[in-house]
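Reader: Could you walk me through reading a helix pair and a pocket? I am happier at the bench than with models.

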Amino acid sequence: VSVMKGANHDGVRLDGSVGKGLAYGAQKGLFIVQGDADSRAGVRLSGADVVIGGELHGPVHDELGLLASRANIKGFAFEYMTNGRALVLGDPGPWMCSGMTGGVVYIRVQPELGLDVDALRRRIAKGALVELLPVDRRDVANLNELLGAYVGELRVTEQLEDARRIEALSKDLGANFVKIVPKGQQVDPSVSTE
């Protein structure tokens with residue numbers, strides 16, 4: 001499933017966003033959203049891949065409170081996730097990863113806009129048993145596959161400048177991304193345990 005921005009009568013690309021509960025309980029497949037997602041994206045995700053391409057429009061300004069009102073995902077993302085992979089290119093919003101027991105969530109960091117590791121820690125649900133970690137060599141294939149799928153959709157929809165900009169993120173994955181995994185998860189999330 002791919003939800004991309006559409007061109008209006010002036011040729012300006014708009015929207016590409018989705019409502020509540022994107023990919024709820026999805027076991028297989030790939031979900032790509034170029035814009036933002038309402039609350040509860042990826043809840044009970046259990047094997048599918050999700051890319052949320054909505055990006056920051058400026059500094060996050062956490063000091064203002066009400067994090068969800070300005071986030072690219074409006075809250076409670078990846079609750080009770082048990083498997084699968086997710087990639088978030090913007091602000092993942094508050095209360096994320098509550099009850100997460102499997103899988104991996106990759107999040108783009110943009111310290112220059114305030115979306116750094118500390119800001120991401122503030123977005124993790126209180127009591128969530130997860131770790132926020134740097135990406136490592138095992139994550140390279142996952143990130144390249146997810147970024148590649150998104151870049152492919154941008155190219156298909158003739159958004160070549162955006163495709164080049166997103167593709168450039170793969171040149172330094174360690175500087176551009178961190179991951180969230182359940183505490184103690186030792187296996188590569190891309191390898192099936194069935």
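Author: Gladly; we will take a helix pair, then a pocket, in what is a predicted model.

Reader: How do helix 3 and helix 4 run relative to each other?

Author: Begin with the angle between the N-to-C directions, where anything over 145 degrees counts as roughly antiparallel. Here the axes of helix 3 (residues 139-156) and helix 4 (residues 160-167) cross at roughly 165° and come within 8 Å. The two helices are therefore roughly antiparallel. Their crossing is left-handed.

Reader: Which residues make the contact?

Author: From helix 3, look for Leu147, Tyr150, Val151, Leu154 and Arg155. Helix 4 brings Leu160, Asp162, Ala163, Ile166 and Glu167. Sorted by character, the contact residues are seven nonpolar and three charged, with no polar ones.

Reader: Now the pocket, please. How much space lies in the second largest pocket?

Author: That pocket holds about 240 Å³. Its lining has 15 residues, and Lys5, Gln34, Gly53, Glu55 and His57 are the closest to the centre.

Reader: Which elements give two or more residues to that lining?

Author: Our helix pair returns: helix 3 and helix 4 are the elements that do so. Helix 4 gives the most, with three residues.

Reader: And how does the lining of this pocket divide by residue character?

Author: Use the sorting we tried on the helix contact. The lining of the second largest pocket has six polar, six charged and three nonpolar residues.

Note on methods. Residues numbered from 1 in each chain as written. Predicted model: local features only at pLDDT ≥ 70, side-chain atom pairs only at ≥ 80, totals over all residues. Heavy atoms only, no water. Axes fitted to C-alpha atoms, helices over the stretch in contact; angles between N-to-C directions. Helix = DSSP H or I, 4+ residues; strand = E, 2+ residues; numbered from the N terminus. Parallel < 35°, antiparallel > 145°, perpendicular 65-115°, else oblique. Left-handed = near helix turned anticlockwise from the far one by under 90°. Contact = heavy atoms within 4.5 Å. Nonpolar A, V, L, I, M, F, W, Y, C, P; charged D, E, K, R; others polar. 1 Å grid on protein atoms, 1.4 Å probe; cavity = no way out; pocket = protein on both sides within 12 Å on 5 of 7 lines; lining within 4 Å. Points joined across faces, edges and corners; volume = space filled by probe spheres on them.
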